[in-house]
Structure formats: C-alpha cells, structure tokens
Amino acid sequence: MADLATLLTEDLKNAMRAKDPVALNTLRAVKSAIKNAAIDKGGANAELEEGEIVNIIRKQIKQRRESVEQFTKAGRSELAEKEEAEITILERYLPSPLSPEEIDQL
C-alpha cells in the first residue's frame, strides 16, 4: 500500500480535477481530521503513522454510519444516501479485511 497520506492527497487532487463534490468534501474532511490529530500529537509539523491514519478513517466512517441511521429515522433519505456515498469513498483507504480462511490460519 502506498503511503496513505500521500494517496489521500493525490485522490483529493483528482477529485478537484474531476469536479466531484462528494469525494472532494469527504477527502478534505479526512485530511483535516488527520492534520488536527497530528497537531494534537506533536505540533504543527508532526506526522501520524499509517495505523493512526487508518483509525481516523475508521472514526470518520463510524460517524457517517451514525448519521445515516439518524437521517433514515428522520426520513431524510437524500442525506442518508450522501453519507453512504462518503462511506464508500472512505472504505477504499482501509486495509482489506481478512477472509474467514485467513482468520482460521492465524
């Protein structure tokens, strides 16, 4: 896997070029969360490790899933669909889950 922070930056640039507002806003939010976590960790020039970035992405996905649930309960399907689209974008940056066979081997 390429450096996750670099991959996010490149995909953000590609979303700008493609004028994809959902991807653009989603990636900007993740980059902002990563930058804020880095500042909290060690100041403006601090960098996070891959595992820390993955945890931030997982947290972002969890927040969006909670939003989907709330929007669905409120009958706001258009907002729930937007959140689902953002979840799909974010899941691309997570490591692939282990298959049941791989889990049994471990």
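Helices (H or I, at least four residues) and strands (E, at least two) are DSSP runs, numbered from the N terminus. With that in hand, let us walk through the chain.

**What you are looking at**

This is a predicted model, in which local features need pLDDT of at least 70 and side-chain atom pairs count only at pLDDT 80 or more, while totals for chains, interfaces and linings use all residues. Residues are numbered from 1 along each chain as its sequence is written, and side-chain values use heavy atoms, with hydrogens and water left out.

How confident is the predictor? The pLDDT (the predictor's confidence in each residue, from 0 to 100) averages 89 over the protein chain, and 94% of the residues score at least 70. Among the elements, helix 4 (residues 77-91) has the highest mean pLDDT, 95, and helix 5 (residues 100-105) the lowest, 73.

**The overall build**

The protein chain has five helices and zero strands, so to speak in order from the N terminus: α-α-α-α-α. Its C-alpha atoms fill a box of roughly 40 × 40 × 30 Å along the principal axes. Of the 106 residues, 27% are buried; buried means under 20% relative accessible area, exposed means over 50%, and partly exposed lies in between (1.4 Å probe, protein chains only). Contacts (heavy atoms within 4.5 Å) also say something about the fold: of those with a separation of 6 or more, 54% join residues 24 or more positions apart.

**Three helices and their spans**

The table sets the end-to-end C-alpha distance beside the expected span, which is 1.5 Å times one less than the number of residues.

| Helix | Residues in helix | C-alpha span | Expected span |
|---|---|---|---|
| Helix 1 | 15 residues | 21 Å | 21 Å |
| Helix 2 | 22 residues | 31 Å | 32 Å |
| Helix 4 | 15 residues | 21 Å | 21 Å |

**Helix 1 and the turn after it**

Which residues of helix 1 are buried? They are Leu4, Leu8, Leu12 and Ala15. These residues lie on the same side of helix 1, because they cover an arc of only 85° around the axis, the arc being that of the directions from the helix axis to the C-beta atoms. An α-helix has 3.6 residues a turn, so residues three or four places apart point the same way. The cover over the buried residues of helix 1 includes helix 2 (21-42) and helix 3 (50-73).

Asn14 also belongs to helix 1, but counts as partly exposed at 39% relative accessibility. Asn14 and Leu24 are ten residues apart along the chain, and their C-alpha atoms are separated by 8.7 Å.

Next comes Lys19, which follows helix 1 and sits in the loop between helix 1 and helix 2. Is Lys19 buried or exposed? Lys19 is exposed, with a relative accessible area of 71%. Its phi is near 55°, a positive value in a residue other than glycine.

**Helix 2, helix 3 and helix 4**

In helix 2, the buried residues are Ala23, Leu24, Thr26, Leu27, Val30, Ala33, Ile34 and Ala38. Helix 1, helix 3 and helix 4 are among what covers them.

Helix 4 has its own buried set: Ala80, Glu83, Glu86, Ile87, Ile89 and Leu90. The buried residues of helix 4 pack against helix 2 and helix 3.

Two residues of helix 3 give a sense of distance to these neighbours. Glu66 lies in helix 3 and is partly exposed, with a relative accessible area of 44%. From Glu66 to Ala80 is 14 residues in sequence and 9.9 Å in space, C-alpha to C-alpha. Gln70, also in helix 3, is partly exposed at 49% relative accessible area. Between the C-alpha atoms of Gln70 and Thr26, which are 44 residues apart along the chain, the separation is 19 Å.

**The largest pocket**

A pocket is found on a 1 Å grid over the protein atoms alone, as an open set of points where a 1.4 Å probe fits, with protein on both sides within 12 Å along at least five of seven lines; lining residues have an atom within 4 Å of a point. The largest pocket has a volume of about 260 Å³, a volume being the space filled by probe spheres set on the points, with grid points joined across faces, edges and corners.

How many residues line the largest pocket? There are 13, of which Ala5, Lys31, Ile34, Ala46 and Glu47 lie nearest its centre. Helix 1 and helix 2 each supply at least two residues of the lining, and helix 2 gives the most, with four.
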